[in-house]
Amino acid sequence: MKAIDDKVYEILSDDNDLAAIVGTEIYRERSVPQEAAFPRVHYGQVAGTPQYTLKERNHTRVVYQVKGVDSGFSSEAVNSINDRIDALLTLAPDGSVIQLGDGTEVFYSRRRVDVEELEMDGDQRYQHLGGQYEMLIRPSQP
Amino acid sequence: MNLAEVILGADFSKEILDDIERGVQRAAQGSAEAVADDVRANVKRRTGATAASVEAHEDGSVSVGGAIGFLEFGTVKMPASPTVVPAFEKERDRFERKLKGA
């Protein structure tokens, strides 16, 4: 599922509004450097399940978690990141698709679960705000 | 006229509706137990408190305590190690098949 991973990163990193908040601090969940600055975006695949008809694979359902993370007491940055993530990753139900460049396309992408977490580490306070997105991927349609 | 009759235009007796309800409840409970077993087996363990807190309920819900929030969603120092959503996703299709057979 490298194509969808690359596409999620491309969508997030190409957005000027998101860049105005986090700069280039956009990381795969498992590759966040210790010295990474705040606010920042974490993204990563949570689950992936192939869907079959009686004869063949029909499409693949993946769940992506994408969230803003910030330190301190202000919620302004994580709220703005959260809004931007949602605008970028929600696919309108008008037949729009996202081509993944490997012969497949995302034909459904919607937030399924909100992710909201307050983390305390001594005196430090971290806010996590975002969502989990269900995406359906199928071979590109002619 | 009940909702099923309105939607399907059929004359459902109370016995049939009760059978459907019992079938759905059995399917939901069975799926909740499958999800709970999966989470218990795969959740990261340090003290075992999170795995021990997993409970499947009759209404088809699953509750998990301990450190599940941090494990599922990650922290600034620890990447997410999701177990609940993958377990739910694995069971989701089986649940739909069970419903069709209910």
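Student: Which residues of α2(B) are buried?
Tutor: The model is predicted: local features need pLDDT of at least 70, side-chain atom pairs count only at pLDDT 80 or more, and totals for chains, interfaces and linings use all residues. Residues are numbered from 1 along each chain as its sequence is written, while chains are lettered from A and ligands numbered from 1 in the order in which they are written. A residue is buried if 20 or more other C-beta atoms, placed from the backbone, lie within 10 Å of its own (exposed: 12 or fewer; partly exposed: in between). In α2(B) that picks out A27(B), A28(B), S31(B), A32(B), V35(B), A36(B), V39(B) and R40(B).

Student: How far does α2(B) reach from its first C-alpha to its last?
Tutor: Helices (H or I, at least four residues) and strands (E, at least two) are DSSP runs, numbered from the N terminus. Helix α2(B) covers residues 14-42, 29 residues in total. A helix is expected to span 1.5 Å times one less than its number of residues. For α2(B) that gives 42 Å, and the reach is close to it, at 42 Å.

Student: What pattern does chain B follow along the sequence?
Tutor: Chain B holds five helices and two strands. Along the sequence they follow α-α-α-β-β-α-α.

Student: Which elements do the buried residues of α2(B) pack against?
Tutor: Two residues are in contact if their C-beta atoms, placed from the backbone, lie within 7 Å. For the buried residues of α2(B), the partners all belong to chain B. They are α3 (49-52), β1 (55-56), β2 (62-63) and α5 (84-101).

Student: How does α2(B) run relative to α5(B), roughly parallel or roughly antiparallel?
Tutor: Axes are lines fitted to C-alpha atoms, for helices over the stretch in contact, and angles run from 0 to 180 degrees between N-to-C directions. Here the angle is about 155 degrees, with the axes 9 Å apart. Under 35 degrees counts as roughly parallel, over 145 as roughly antiparallel, 65 to 115 as roughly perpendicular and the rest as oblique. Therefore α2(B) and α5(B) are roughly antiparallel.

Student: Which element supplies the largest share of the side of chain A that touches chain B?
Tutor: The contact takes 16 residues from chain A and 12 residues from chain B. On the chain A side, β2 (40-52), β3 (57-71), β5 (104-121) and β6 (124-139) each supply at least two residues. The largest share, five residues, comes from β2(A).
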